[in-house]
Amino acid sequence: MTEPAAAPLAAERRAHILAAMEREGAVRISQLTDELGAATVTLRRDLALMEQEGLLQRVHGGAIPPGGQNRRAAAPPAIPETDAGAIAVLVPSLNYYWPGVVRGMETAARRHGLTVQLRGASYELQDERPVLERLVSTGNVRGLIVAPNTETPHAQDVVQWLADCGTPSVLVERDAIVQPEGVPAEAVTTDHALGAVLAARHLASLGHRKVGLVLSRNSPTSRKIAAGWLAACDELGLTPAEHIETTLPDRGSPEFSAAVDATLDRALGTGVTALLVHSDPEAMAFVDLALNRGISVPGDLSIVAYDDEVAELFTPALTAIAPPRVSVGETAVDLLVSRLADPERPTRRVTLNPRLVVRGSTAAPGGGPIA
């Protein structure tokens with residue numbers, strides 16, 4: 001059987017499988033076939049290799065975490081919704097970045113005697129108000145935590161609805177203004193601009209001068225990364241913009257691999273020695289295709305991943321910027337609970353710092369692979 005042309009690379013399949021298993025407690029081959037568009041025989045081979053590495057345990061039709069522990073089954077029992085009510089959560093995806101944030105929310109919610117009603121929207125969803133209205137209409141929702149899509153014509157309408165619906169809300173990883181007063185909404189965000197600064201400083205400290213930035217989509221996070229990156233490169237005397245600053249097509253599109261190859265060509269042609277790539281799956285794709293072409297990582301090209309969801313599991317393990325995903329989720333719940341306890345308190349906006357985790361994908365220019 002031949003895989004579709006748009007099937008993801010091996011590194012992305014691996015990352016997706018691990019993220020899905022972390023989120024669901026198990027994975028099914030039939031589910032992965034639908035989500036990844038890969039052939040069944042390919043997925044079985046992936047699971048067999050990952051089992052050999054001790055990353056999972058195969059079972060009939062799929063896999064579970066190593067040791068046979070189904071994480072979902074082993075999780076603490078949910079508190080009945082009738083005890084104290086629920087927090088409704090709407091995020092744009094249930095893959096990669098967001099599961100860590102949601103785990104933080106669930107931990108904090110249990111601490112406060114609340115449950116979490118989770119919904120995953122889509123980056124393509126134009127208007128989240130109908131989904132939010134259905135959540136609130138259950139009658140048991142005491143508060144909302146939302147990461148709205150700020151790239152649509154309805155974005156401001158969604159923010160206004162949240163402000164006017166009568167149910168307390170906190171934005172997560174989003175900044176927004178409530179009209180007509182023009183005041184910021186209550187929110188918890190990561191300082192993604194600082195994350196880019198940390199990456200630039202790390203590369204500069206290794207001796208890199210020609211560097212590039214690769215983004216996975218035009219999103220609020222991407223814009224903050226770009227702003228911090230350009231400011232840091234200017235401060236450090238790096239030369240980013242004239243070499244590489246690009247936004248990749250969707251990973252599932254037929255154009256993705258060609259776009260990565262073209263970016264690698266530009267890096268080699270302009271003397272770029274390091275890239276910051278958002279996010280982990282895209283960074284893995286860069287390493288995969290670079291190695292296939294005989295480009296050494298980090299000997300010829302250092303790569304820093306942004307998100308650190310599964311960067312550590314790759315070979316070489318990727319140096320990464322790690323946003324405090326779990327703390328973001330916990331802080332959002334704590335903010336919401338404090339608002340429920342004191343509706344008149346001042347609006348709070350909390351910004352949390354990411355951190356740099358140095359691994360094997362970065363080295364001094366020409367330094368060769370790290371053993």
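Student: Where is the place of S338?

Tutor: S338 sits in helix α13, which covers residues 325–341. Keep in mind that this is a predicted model.

Student: What makes the link between the side chains of S338 and R345 a polar contact?

Tutor: The distance between the two side chains is 3.0 Å. A polar contact needs a pair of N or O atoms within 3.5 Å, so the S338–R345 pair, at 3.0 Å, makes the cut.

Student: Which residues is S338 in contact with, leaving aside its neighbours within four places in sequence?

Tutor: That would be R345 and R348.

Student: Over to the helices. Why are α1 and α2 called oblique to each other?

Tutor: Look at the angle: the axes of α1 (residues 10–24) and α2 (residues 29–36) cross at roughly 130°. Roughly perpendicular covers 65 to 115 degrees, and roughly antiparallel starts over 145. An angle of roughly 130° fits neither range, so α1 and α2 are oblique. Their axes come within 11 Å, and the crossing of α1 past α2 is right-handed.

Student: Which residues make the contact?

Tutor: On α1, R13, H16, I17 and A20; on α2, Q31, L32, E35 and L36. Sorted by class, this contact has four nonpolar, two polar and two charged residues.

Student: Now the sheets. What makes β5 and β16 edge strands?

Tutor: Each of them pairs on one side only. The order in this open sheet of six strands is β5-β4-β6-β7-β10-β16, with parallel pairing. β5 spans 115–120 and β16 spans 349–352. From one strand to the next, the twist averages 20°.

Student: How do you know that β6 and β7 pair?

Tutor: Count the bridges: three join β6 (residues 141–146) to β7 (residues 169–172). Pairing takes at least two bridges, so β6 and β7 qualify, and they run parallel. As for partners, L144 is bridged to S169 in β7.

Student: What about β1 and β3, how many bridges do they pair over?

Tutor: Two, in the antiparallel sense, with β3 being residues 62–64. Since at least two bridges are required, β1 and β3 count as paired. V27 has A63 of β3 as its bridge partner.

Student: Why is one side of β1 and of β2 left without a neighbour in the sheet?

Tutor: The open sheet runs β1-β3-β2, with antiparallel pairing. β1 (27–28) and β2 (57–59) stand at its edges with a single partner strand each, so one side of each has no neighbour in the sheet.

Note on methods
Residues are numbered from 1 along each chain as its sequence is written. This is a predicted model: local features need pLDDT of at least 70, side-chain atom pairs count only at pLDDT 80 or more; totals for chains, interfaces and linings use all residues. Side-chain values use heavy atoms; hydrogens and water are left out. Axes are lines fitted to C-alpha atoms, for helices over the stretch in contact, and angles run from 0 to 180 degrees between N-to-C directions. Helices (H or I, at least four residues) and strands (E, at least two) are DSSP runs, numbered from the N terminus. Angles under 35 degrees count as roughly parallel, over 145 as roughly antiparallel, 65 to 115 as roughly perpendicular and the rest as oblique. A crossing is left-handed if the near helix is turned anticlockwise from the far one by less than a right angle, and right-handed if clockwise. Contact means heavy atoms within 4.5 Å. Ala, Val, Leu, Ile, Met, Phe, Trp, Tyr, Cys and Pro count as nonpolar, Asp, Glu, Lys and Arg as charged, and the others, Gly among them, as polar. A polar contact is a pair of N or O atoms within 3.5 Å; within protein, one must be able to donate a hydrogen and the other to accept it, and residues adjacent in sequence count only if both atoms are side-chain atoms.
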